[in-house]
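Student: I would like to go through this model and ask what stands behind each label. Can we take the terms one at a time?

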2 protein chains.
Amino acid sequence: MYDRDFFLKKAQENLPVLYYKDITPDITEFLASTGDSVLLDLGEHAVGHFSFSFDNIEDFIDAPVRLIIKFGEDMREIEDDFSLYEEGLSKTWLQEEIINLDFPQKTALPRRYACRYIKITVDKTNKPIKLFDFCFRASTSAAVSALKPSEASDTLLKKIDLVATNTLKECMQTFFEDGPKRDRRLWIGDLRLEALTNYYTFKNLEITKRCLYLFAAGGRDKLGFLPSFVYDTPYYFSGSAHIADYALLFVVSVCDYYEHTADRTVVDELLDICKSQLESFRAILDKNLIVTRQEGWFAFIDWCPGLEGLTALQGVYLYTLERFSKLLKAIGDDEHEKYSLHLCEVRRACRERLYDENAGCFINELDNGQLSVHSQVWMILGGVVDGKEAEELLISCLENKNAKQPVTPYMRHYVTEAMFKLNMRDKAVQYLKTFWGGMLEHGADTFWEAYIPEDLDFSPYDNRTINSLCHAWSCTPSYFIRKYGL
Amino acid sequence: MYDRDFFLKKAQENLPVLYYKDITPDITEFLASTGDSVLLDLGEHAVGHFSFSFDNIEDFIDAPVRLIIKFGEDMREIEDDFSLYEEGLSKTWLQEEIINLDFPQKTALPRRYACRYIKITVDKTNKPIKLFDFCFRASTSAAVSALKPSEASDTLLKKIDLVATNTLKECMQTFFEDGPKRDRRLWIGDLRLEALTNYYTFKNLEITKRCLYLFAAGGRDKLGFLPSFVYDTPYYFSGSAHIADYALLFVVSVCDYYEHTADRTVVDELLDICKSQLESFRAILDKNLIVTRQEGWFAFIDWCPGLEGLTALQGVYLYTLERFSKLLKAIGDDEHEKYSLHLCEVRRACRERLYDENAGCFINELDNGQLSVHSQVWMILGGVVDGKEAEELLISCLENKNAKQPVTPYMRHYVTEAMFKLNMRDKAVQYLKTFWGGMLEHGADTFWEAYIPEDLDFSPYDNRTINSLCHAWSCTPSYFIRKYGL
């Protein structure tokens, strides 16, 4: 009905305006000879472009000046020796430039950086020089001035909200980036959480629509799933990965959008795609309605090492079916009954086939019987279990050292969501304060891509230095704080 | 009479227009993965700005691409490992950039380079990339299309003329640069030779006037000498060095200018400065009219290691006095007699006090009795000795292994000039062919800053890699070839 060009045109029409702010660091001028360095503190995490001037002190510079300019989201990054980085992800994500300047001049570096700290080292100058006129031009598509402060009375929650909205703000550029330092692409999993938090904070509907259209324009894999990520710079490219849970969360994102806007146009345009995602998923269920493993990197769920994700994925399917059938009902689409009937059947199948009575929890033979918080959380969110039983299940699994535990703030979001679903408000607040508050204790200006309280060096990529310290999927505390009036 | 502002205004009025030419190398496209490199050959030496594009091959680049881009005036420079360079002059003159590119894009490097070869190494890319759209935008203020070809019938001289005019062309930018790769400032010694060759080739009078005014605006040292070099980017600065022979050659440059243009305005504006330079020099003569050694780097003459330059400097003084008194006579200035009388006195003093009858050559006790070609050449150019005697003196000294020999093409120019003065036309041609022709045998596209046929690794700065291979003071073969109709 609608084609790629249509969706790309719609995406372009919803290109958000970027707001700019010039940040001048605490230090305004620095006199330097070879080997000297200066650390600039922007006082906040910022995403944007850096410029500065340099000039002679004595008379003339005699030879070009070589500077090494390093950008860090925190001081650990500034102190890390990038030359020691052994590659998992590309070393080129580490934000450092070596530049040669022929004459005293104002220099505007062409690239965009994500940082709070900037360290300039004078690698070589023949004569002393003066560095000055430091300016970091920060950008965001979040209308910061329109943001209402959180009404939380609790000081820690207030602070968590501040850092969470800041995290979202930094990731809101021309689309919802996953992290402005590294990757810088649009993933469905991040989009869903950013859009959700955005409805309660910056309320920028354009960017959400744009992102939905960018995925709608994407090519499908052989199963029919949407791409899990897209780029739009310098031209559109829809990602080569197709992850089943992300394809489902696209549908959820459309449901979220309608719930917060009642905008039928967008839903009508995207409805066929939503249905096709659910049909594609249905096609990979076995005769017992349980999802089967597919080739390659097929489900994400969490970065937890060694995690088996089939039961959790099954829960994501249920969660999506429930949201989607409600949407169809709301817009008067007769197919809603088909989806709700199917939802009931699959829920029943899960209880029968994935719940281990002896162990008292959800496992899956195809998951090698692995016990994980992830499985329980998604079975709860999928409505397979609820009430007191669900609460006990969740708490015991979170306390069970033999169970796979959540690693990413992304998965922690769904843990928290499950708690709110089960009316475990106090537990949820405690969970928020412990986990996100823990990052605050380490001086976070924005919430991180990965955080394991007992392992500050944890990285999904084998080296902490490459981690993103401002990551979209960590922004949802503001969603909880503002939605539930914490 | 005229002040600094006046001269700077005149210099600005004579800012030459730059002509641009886009050079595309032989290779137009290159597919690369991490570690691959491509060598681009511009086919000629060029001074200017480099741009190129890069793009995905497969689908997207996944992570920023890091390139190392190296510029070489010749292949030896490309092959030299810059990281091994131990500093004499600043390593920042070595032309190499490390750049990170976030997205497929056209990239125009902001700096100016002097090169024939460009080597691009892909230091890191996650996906194969395509490099293409290579363009080097060359600039010069020499009107190349207006240059008449040399009428030399000799093939080697024709080729020498071609490379010499090319050398001059490359150094002609917004002023007469000494070398476009390194230093990039205006020195009087280079100006004099460039202006001289320019009268017989590109005939750009604006640039010559501009350079004379730039020096006229300069601050004097305590002896009253003009600065030996000036910068004009990003703003005017007159150099901290004041070299006596260069101060004198400023006066010679004004005489050259009048001789080739009969332009009284410029001469009238600069006459007082010319007189003051000669007065300043006169003040450092002893009672016997022989120049006395001054503090610091006081005379240049040549880069010849260990050279004592007082006798040569005395010759530069005589040479200047002769030219200047002729100029005064030509413009009807009565002081010409004062200068020609003084010229005769000083010549006589030189013959009496600097000529060693036993050794049969010019030496100077203050020069530790050192024997050098430089002393003989400048005594000849100063008119202290001439005819057969001078010819024999020059030849025997050039063949004397115990005599200090010229090192720079700059000093070789004055050797050649002395030969023409003595009507040694054949010897002069042979000298041109041997010396400048020798560089051609090593593949020179432009003539070098330093060349010792028996020591190709010679550098005035302890490391050949830093040498300039396109140097203004090496361009004068075209002056000789065209002036004398060789």
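Tutor: Start with a helix. The buried residues of H3(B) are B:Leu157, B:Ile160, B:Asp161, B:Val163, B:Ala164, B:Thr165, B:Asn166, B:Thr167, B:Leu168, B:Lys169, B:Glu170 and B:Cys171. Keep in mind that the model is predicted.

Student: What makes H3(B) mostly covered?

Tutor: The count does. Of the 17 residues of H3(B), 12 are buried. A residue is called buried if 20 or more other C-beta atoms lie within 10 Å of its own.

Student: Which elements do the buried residues of H3(B) pack against?

Tutor: Strands and helices of chain B. The strands are S3 (37–56), S7 (113–124) and S8 (129–140). The helices are H4 (188–200), H13 (425–441) and H14 (477–483).

Student: How do you know that the span of helix H3 of chain B agrees with its number of residues?

Tutor: Set the two values side by side. Helix H3 (residues 155–171) of chain B has 17 residues, which at 1.5 Å a residue should span 24 Å. The expected span takes 1.5 Å times one less than the number of residues. The end C-alpha atoms of H3(B) are 25 Å apart, so the span agrees.

Student: Why is A:Glu454 called exposed?

Tutor: A:Glu454 has 6 other C-beta atoms within 10 Å. The cut-off for exposed is 12 or fewer, so A:Glu454 is exposed. A:Glu454 sits in the loop between helix H13 (425–441) and helix H14 (477–483) of chain A. Its C-alpha atom is separated by 25 Å from that of A:Glu391, 63 residues apart along the chain.

Student: On to the sheet. What makes S9 and S11 of chain B edge strands?

Tutor: Each pairs on one side only. The open sheet has three strands in the order S9-S10-S11 (chain B), with antiparallel pairing. Strand S9 (186–187) and strand S11 (237–238) of chain B are its edges.

Student: How do you know that S9(B) pairs with S10 of chain B?

Tutor: Pairing needs at least two bridges. Two bridges join S9(B) to strand S10 (residues 229–231) of chain B, and these strands run antiparallel. B:Leu186 stands opposite B:Val230 in S10(B).

Student: Why are the two copies said to be related as by a two-fold rotation axis?

Tutor: A turn of 180° and a shift of 0.0 Å along the axis lay chain B on chain A with an RMSD of 0.0 Å. The copies are therefore related as by a two-fold rotation axis. The same surface serves both copies: 100% of the contact residues of chain B recur in chain A. Of the residues of chain B, B:Ile98 comes closest to the axis, at 3.2 Å (C-alpha).

Student: What makes up the contact between the chains?

Tutor: 26 residues of chain B are in contact with 26 residues of chain A. On chain B, strand S4 (65–72) and strand S5 (96–101) each supply at least two residues. S5(B) gives the most, with three residues. By class, the side of chain B that touches chain A has 12 nonpolar, seven polar and seven charged residues.

Student: How do you know that the domains of chain A touch?

Tutor: 18 residues of domain 1 of chain A are in contact with 18 residues of domain 2 of chain A. Contact here needs C-beta atoms within 7 Å. On the domain 1 side, S3(A) has the largest share, three residues. That side has six nonpolar, five polar and seven charged residues.

How values were computed:
Residues numbered from 1 in each chain as written. Chains lettered and ligands numbered in written order. Predicted model: local features only at pLDDT ≥ 70, side-chain atom pairs only at ≥ 80, totals over all residues. Contact = placed C-beta atoms within 7 Å. Helix = DSSP H or I, 4+ residues; strand = E, 2+ residues; numbered from the N terminus. Nonpolar A, V, L, I, M, F, W, Y, C, P; charged D, E, K, R; others polar. Least-squares fit on C-alpha atoms with pLDDT ≥ 70 in both.
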